[in-house]
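This report covers a long stretch of annotated chain, one helix, an annotated site and some backbone geometry. The sequence and model come first.

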Amino acid sequence: MVLVTGAAGQIAYSLLYSIGNGSVFGKDQPIILVLLDITPMMGVLDGVLMELQDCALPLLKDVIATDKEEVAFKDLDVAILVGSMPRREGMERKDLLKANVKIFKSQGAALDKYAKKSVKVIVVGNPANTNCLTASKSAPSIPKENFSCLTRLDHNRAKAQIALKLGVTANDVKNVIIWGNHSSTQYPDVNHAKVKLQGKEVGVYEALKDDNWLKGEFVTTVQQRGAAVIKARKLSSAMSAAKAICDHVRDIWFGTPEGEFVSMGVISDGNSYGVPDDLLYSFPVVIKNKTWKFVEGLPINDFSREKMDLTAKELTEEKETAFEFLSSA
């Protein structure tokens with residue numbers, strides 16, 4: 001049983017086919033898809049339901065479209081929480097946090113009440129890190145390690161920028177890291193990244209020999225890529241976001257390849273990188289048997305330290321604001 005929320009929206013429209021055709025959970029895993037959206041979107045959702053039926057996908061056992069949380073969250077194995085309150089023009093980040101605390105408190109409580117205790121919860125809706133923490137706090141009976149938020153899109157953006165600069169494919173680049181918040185304070189770090197050039201693996205800094213670009217334009221390009229897409233398309237990233245969600249969930253399900261790590265927002269408790277506990281922060285992780293572990297022992301230079309602390313500070317402030325609302329929501 002797989003739930004997608006915000007199922008009438010444009011990320012879901014790019015995502016649902018990939019889940020239904022076996023690209024995420026494997027070509028022999030039958031799926032029941034549950035689609036949740038708000039009541040005014042039910043007409044649109046009905047159209048999405050018809051299209052999924054018309055795809056005639058052999059693995060799709062059933063599709064349930066609903067606007068009721070007690071239906072949507074029942075017996076779930078995986079919950080992909082895409083739906084959130086988008087930021088409107090003239091809206092303060094604080095207002096956005098408040099609106100989303102309400103949504104994710106309610107969905108967290110529904111997970112707690114109706115879903116399997118082994119459910120894997122992936123939060124995409126922004127502000128994703130803090131929304132994820134809110135949902136986790138509202139679902140005390142589900143292990144907090146089961147909650148993660150999407151920073152894989154940023155991770156893939158970083159990989160792609162390096163690949164473009166070096167004239168290789170993104171597949172030849174591995175072990176980039178996104179630290180921190182899925183916001184413009186995130187820190188894309190390639191100090192530990194490797195690239196395959198002429199059949200050998202070399203460090204990205206060594207391969208590029210352009211430290212100024214890596215510490216300057218590369219970082220800001222990745223940080224602001226979402227805004228650049230909105231400016232160009234007049235819509236936010238959907239195809240690339242859906243692809244990143246598939247990557248993230250597939251890696252949870254099947255594990256990460258040997259010698260490779262990925263970025264995801266997870267609970268910071270017990271990390272060795274000086275990030276305060278009880279934050280939902282993006283780290284490099286490896287995954288095995290559906291369980292993630294921090295990649296340990298990576299040396300952190302002063303440039304990285306400063307950037308990692310800055311994004312942790314933003315997350316601490318977001319958390320404090322959200323928790324004020326959480327107690328009153």
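Helices (H or I, at least four residues) and strands (E, at least two) are taken here as DSSP runs, numbered from the N terminus. The model is predicted.

**Annotated domain**

An unreviewed UniProt entry gives residues 151-325 as "domain: Lactate/malate dehydrogenase C-terminal". Helix makes up 46% of this span and strand 20%, and its end C-alpha atoms are 25 Å apart.

**Helix α12**

Helix α12 comprises 27 residues, 302-328. From first to last C-alpha it reaches 40 Å, close to the 39 Å expected at 1.5 Å a residue. An α-helix has 3.6 residues a turn, so residues three or four places apart point the same way. Buried residues of α12 include Ser-304, Met-308, Thr-311, Leu-315, Glu-318, Ala-322 and Phe-325. Charged names also appear in the buried set, among them Glu-314 and Lys-319. Which elements cover these buried residues of α12? The cover includes the helices α4 (93-114) and α5 (128-137), together with the strands β8 (177-179), β9 (187-189) and β13 (280-288).

**Annotated site**

The unreviewed UniProt entry lists His-182 under "active site". His-182 sits in the loop between β8 and β9, and both of these strands are included in the cover of α12. Apart from neighbours within four places in sequence, the contacts of His-182 are Asn-126, Asn-129, Leu-150, Thr-151 and Asp-154.

**Backbone geometry**

Asn-126, a contact of His-182, is joined to Pro-127 by a cis peptide bond with omega near -10°. Pro-127 belongs to the loop between β5 (120-123) and α5. Most residues other than glycine have a negative phi, and most peptide bonds are trans. Positive phi values occur at Asn-175 and at Gln-198, neither of which is a glycine.

| Residue | Phi | Loop | Relative accessible area |
|---|---|---|---|
| Asn-175 | about 65° | between β7 (173-174) and β8 | 7% |
| Gln-198 | near 45° | between β10 (194-197) and β11 (200-203) | 82% |

Are these two residues buried or exposed? Asn-175 counts as buried because its relative accessibility is 7%, and the cut-off for buried is under 20%. Gln-198 is exposed because its relative accessible area is 82%, where exposed requires over 50%.

Definitions and conventions:
Residues numbered from 1 in each chain as written. Predicted model: local features only at pLDDT ≥ 70, side-chain atom pairs only at ≥ 80, totals over all residues. Heavy atoms only, no water. Expected span 1.5 Å × (residues − 1). Buried < 20%, exposed > 50% of the residue type's maximum accessible area, 1.4 Å probe, protein only. Contact = heavy atoms within 4.5 Å. UniProt positions renumbered as here; feature names shortened; annotations may be inferred.
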